[in-house]
Amino acid sequence: MQLQAVKPINPGINMINTSVFDASLNASSLSKAAFKKIQTFFQQQSGIFISEHKQQLVIARLRSHMLALGFKEFDSYSTYLINKANRDERAHVVDLLTTNETYFFREPNHFTYLANTIVPSVNHRPLRVWCAAASSGEEPYSLAMALHDKLGSTGWELTASDISVRMLETAEQGLYRMQRLEFMPPEYLKKYCRKGVGPYEGMFMVAPELRKQVNFVHHNLLESAANLGQFDIIFVRNVLIYFDSDVKNQVLQNLYAQLRPGGWLVTSHSESLNGLDLPLKLVRPSIYRRT
Ligand SMILES: C[S@@+](CC[C@H](N)C(=O)[O-])C[C@H]1O[C@@H](n2cnc3c(N)ncnc32)[C@H](O)[C@@H]1O
């Protein structure tokens, strides 16, 4: 589709072809019925409920994808999504709608507690760690750095999972903009990061020897994780906040089933397990232990 430029009314501002303008106008509004279909779809797939006031967010995240597929408005697209979309299309929409904000060494006291308290108190090896909402990789690589620094390259295993295939692909690459380094401890920067040159100027890469120690897998927290085995430590941070209490309960039952007796479950400081009936003891704010 080509935008037709006509005489500029202001320097630097071009008018656009009217028919294209009409199409994008339709794609900029979302009827109640279409919103409801997308809301239901996303909740069934990910467990996340998008509230009514997030209509603009849904439009912003899905609009260009919908137009690229040839749909001009959300009514027909949402019907297609619910009734006809194939597996790849459904996974792509889940990718587009998930919120993936993350950064290296987010909530840093969790990494200190891991290194200074948890690692020394577990006496079997390998220590098995699961990062259960890994997003674009900053969290699992922060864990890998802390574990490697403490234990070296053996004696630990790290599984990192997410529902978003796009995020997992980014995570596996381990390539980030320099701005992402803000909270990285300088000694880890030196030890575990490689500066990009040439086309990678302004970027850094997590050292290959560390990257290969992280096992990235696609996993939906709504489902059983029995195939991943048992873990000593599960990090599940900044994702429970998106679930309602029933879904949160289900997700935590699934996680609990994979936690070894005496194992640790770490949430974010903004999340709470209050009111959930699980034999987990709060040992520090946001750090729980299986009794
Ligand atoms: C806000 S990010 C948090 C990333 C990281 N844990 C942190 O604390 O920085 C939330 C992540 O949870 C993932 N997610 C959302 N619903 C999920 C589900 N049902 N199963 C697995 N991952 C999910 C999203 O794709 C996203 O990458």
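User: How many of the 8 residues of strand 8 (residues 259-266) are buried?
Analyst: This is a predicted model, in which local features need pLDDT of at least 70, side-chain atom pairs count only at pLDDT 80 or more, and totals for chains, interfaces and linings use all residues. Residues are numbered from 1 along each chain as its sequence is written, and side-chain values use heavy atoms, with hydrogens and water left out. Strands (E, at least two residues) and helices (H or I, at least four) are DSSP runs numbered from the N terminus, and buried means under 20% relative accessible area, exposed over 50% and partly exposed in between, with a 1.4 Å probe and protein chains only. Strand 8 is largely enclosed by the rest of the structure because, of its 8 residues, the number buried is 6.

User: Which residue of strand 8 stands opposite Phe 231?
Analyst: Strands pair if DSSP finds at least two bridges between them. Strand 7 (residues 231-235) meets this with strand 8, in the parallel sense and over 4 bridges. Across from Phe 231 in strand 8 is Leu 259.

User: Which helix completes the β-α-β unit of strand 7 and strand 8?
Analyst: A crossover is right-handed if, with the strands pointing away from the viewer, the path from the first strand over the helix to the second runs clockwise. The unit made with strands 7 and 8 is right-handed, and its helix, residues 245-257, is helix 11.

User: What is the bridge partner of Trp 264 in strand 10?
Analyst: Strand 8 also pairs with strand 10 (residues 287-290), in the antiparallel sense over 3 bridges. In strand 10, Trp 264 is matched with Arg 289.

User: How much of the accessible area of the ligand does the protein cover?
Analyst: Around the ligand are 21 residues, each with a heavy atom within 4 Å; the closest are Thr 102, Arg 106, Ala 133, Asp 162 and Asn 238. Polar contacts are pairs of N or O atoms within 3.5 Å; within protein, one must be able to donate a hydrogen and the other to accept it, and residues adjacent in sequence count only if both atoms are side-chain atoms. Ligand nitrogen atoms lie 3.3 Å from a backbone N or O atom of Ile 163, 3.0 Å from a polar side-chain atom of Asn 220 and 2.9 Å from a backbone N or O atom of Leu 221. Of the 600 Å² that the ligand has on its own (Shrake-Rupley method, 1.4 Å probe), the protein covers 99%.

User: Which backbone oxygen does the side chain of Asn 220 reach?
Analyst: Asn 220 sits in the loop between strand 6 (214-218) and strand 7 and is buried, at 12% relative accessible area. A polar atom of its side chain lies 3.0 Å from the backbone nitrogen of Leu 222. At 2.7 Å, the Asn 220 side chain reaches the backbone oxygen of Gln 45.

User: How far apart along the chain are Tyr 103 and Phe 183?
Analyst: Rings of Phe, Tyr and Trp (its six-membered ring) pair if their centres lie within 6.5 Å; planes under 30 degrees apart are stacked, over 60 edge-to-face and the rest tilted. The count is 14 aromatic pairs; that of Tyr 103 and Phe 183 is tilted because its planes stand at 40°, with centres 5.4 Å apart. Tyr 103 is in the loop between helix 5 (87-97) and helix 6 (109-121), Phe 183 in the loop between strand 3 (175-177) and helix 9 (186-192), and their separation is 80 residues.
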